[in-house]
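Got your viewer open and the cartoon showing? Let's take a walk through this one, one selection at a time.

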Amino acid sequence: MAIRGFSSSATLAVFVFISLIPGTYCRYPKSDETRIREFLFNQANYSSKERPVINSKDTVRVGMKLQFYAMLDLNERDQVLTTASWMTLVWKDERLSWNPSDFGGENVVVLSLDEIWTPKIFLGNSIATDALSIISADRGSILLTSEGVANLGAPLVQSTQCEMTIMYFPFDAQVCRFEFYAENQYQEKMDLFTLPSSQSSSLNSSEWNFFHLDHQNVTIVYPYLINDVPWSNYSLALFCVYLERDPIYFIKTLITPSTFLCLMTFLTFLLPPDSGERISLSVSMVLGLTVFQIIVADILPISSKETAIISSYLTANFALACLTVPFSLININIAFGDSRIIILKYPFLRRLSLEYLPRICALPTYNAKKKQVSESLHWDHRRNQDGKAEATILENGQENDNERQNKTTNHDNISSRDKVKAIYVFLYSL
């Protein structure tokens with residue numbers, strides 16, 4: 001009995017001791033996904049550092065799709081585009097496949113990026129510091145099918161160099177490129193190609209409208225990049241985003257005001273020279289156009305290859321506004337100066353200033369103006385002469401009327417005296 005009791009106590013103690021050892025608890029049954037992982041990764045010959053092919057001469061073909069869903073910023077002066085997108089990579093790992101009927105019909109498993117081989121891809125025209133690590137273990141996940149097809153999805157926020165075409169600003173359209181290269185894998189080892197991407201209108205902003213997304217497969221040839229290999233082909237997955245600017249804002253705030261300022265510059269010549277405001281108005285127009293020049297210079301990138309048409313337009317307006325100042329001074333000097341203008345002493349320049357330029361500007365020439373003034377003076381002189389003649393005739397007629405009236409009065413006076421005298425004679429005779 002003692003031995004039997006001792007054995008029972010020993011059995012209980014051994015059971016308690018074993019139960020306290022980690023990993024000896026009762027576990028749930030293994031899931032199909034766990035059994036698939038064990039089946040795939042417990043193979044002695046599998047390594048995530050090797051290319052996913054059985055024959056080393058085969059090429060790994062990696063398809064790439066880029067889906068944009070936001071345009072965060074487009075810095076035109078620095079020519080930098082910042083976007084947010086969803087990147088999808090698809091390839092086949094020949095070593096990772098299973099029969100779904102052996103694992104409860106499960107044909108898809110979710111894996112992390114460090115569990116299997118993943119392609120090394122970098123963004124060639126990126127200005128971000130993590131351009132070489134757009135695919136990392138902490139970004140995205142992999143869906144692996146039973147046929148060995150791996151589907152990697154990861155978010156991508158990148159700032160890329162976007163060369164701006166500023167000639168037709170603000171009626172311009174821009175093409176921004178995204179150049180993806182295989183990292184140190186020439187095309188015979190890994191072929192990177194693009195997959196059709198759906199159009200997205202989420203790139204629209206208050207200034208830019210997204211209207212097209214294009215993708216191309218490009219092969220780049222490098223000579224003697226590898227020893228004893230004269231030519232090496234590298235695959236490039238190229239995505240092009242086409243953006244179109246909405247010009248309404250710039251039409252309202254830039255083009256229309258500058259055009260009105262230019263027109264007002266010519267209206268300064270309608271002011272009479274003695275007003276004293278012509279020079280100040282011209283200078284005000286020059287300062288206003290200078291402000292618009294500064295606005296355009298702050299928006300557009302610094303480039304010597306091409307010049308924006310609107311910049312040339314504002315420069316021409318600025319030059320015309322500046323020319324109004326010396327022309328106004330010449331006009332005032334002609335009107336109020338004590339001496340002749342030197343430029344008018346030369347026949348050719350006098351003919352140019354008084355005959356040709358007025359015709360170009362649709363103004364009366366000097367001779368036409370002189371003829372008009374002479375005719376006006378002639379008619380004024382004749383009008384004065386006719387007025388003096390009429391005044392003389394009127395004066396003569398008035399004098400004749402006075403004389404006639406005086407004669408009538410005298411005649412009446414004489415007749416009355418005769419009558420009185422006749423009465424006196426008649427009375428005296430009595």
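The stops below go from the whole chain to a core, a set of strands, a loop residue and a pocket.

**Whole chain.** Keep in mind that this is a predicted model. Colour by secondary structure and you'll have seven helices and ten strands to look at. Of the 430 residues, 30% count as buried. If you put up a contact map, residues 24 or more positions apart make up 72% of the contacts with a separation of 6 or more.

**The core.** Next, select Trp91 and Phe180: in the largest nonpolar core, which has 64 residues, these two touch the most other members. Strand E1 (residues 60-75) is the top contributor to this core, giving seven residues. Now stay on Phe180 and show what surrounds it. Beyond its neighbours within four places in sequence, Phe180 contacts Met64, Leu66, Ile121, Phe122, Leu123, Ile134, Leu156, Leu192, Ser235, Leu236, Ala237 and Phe239.

**Strand E5 and its partners.** Select residues 141-145, which form E5, and turn on side chains. Which ones point to the buried face? Ile142 and Leu144 do, while Ser141, Leu143 and Thr145 point to the other face and are not buried.

Now add the strands that pair with E5:

- Strand E3 (residues 108-111) runs antiparallel to E5, joined by four bridges. Look for Val110 opposite Leu143.
- Strand E6 (residues 149-161) also pairs with E5 in the antiparallel sense, over four bridges. Here Ser141 sits opposite Gly153.

Then zoom in on the turn of the E5-E6 hairpin, where three residues lie between the strands. Gly148 is the one to click, as it takes a positive phi near 90 degrees.

**A loop residue.** Go to Gln79, in the loop between E1 and strand E2 (80-92). Is Gln79 buried or exposed? Its relative accessible area is 17%, so Gln79 counts as buried, the cut-off being under 20%. Show its contacts too: leaving out residues up to four places away in sequence, Gln79 touches Thr160, Gln161, Cys162, Glu163, Met164 and Pro301.

**The second largest pocket.** Last stop: select Ser48, Lys49, Leu113, Asp114, Ile116, Trp117, Thr118, Lys120, Ile135, Ser136 and Ala137, which line the second largest pocket. Its volume is about 190 Å³. Colour the lining by residue type and you get five nonpolar, three polar and three charged residues.

Notes
Residues numbered from 1 in each chain as written. Predicted model: local features only at pLDDT ≥ 70, side-chain atom pairs only at ≥ 80, totals over all residues. Heavy atoms only, no water. 1 Å grid on protein atoms, 1.4 Å probe; cavity = no way out; pocket = protein on both sides within 12 Å on 5 of 7 lines; lining within 4 Å. Points joined across faces, edges and corners; volume = space filled by probe spheres on them. Nonpolar A, V, L, I, M, F, W, Y, C, P; charged D, E, K, R; others polar. Core = buried A, V, L, I, M, F, W, Y, C linked by side-chain atoms within 4.5 Å. Buried < 20%, exposed > 50% of the residue type's maximum accessible area, 1.4 Å probe, protein only. Helix = DSSP H or I, 4+ residues; strand = E, 2+ residues; numbered from the N terminus. Contact = heavy atoms within 4.5 Å. Pairing = 2+ DSSP bridges.
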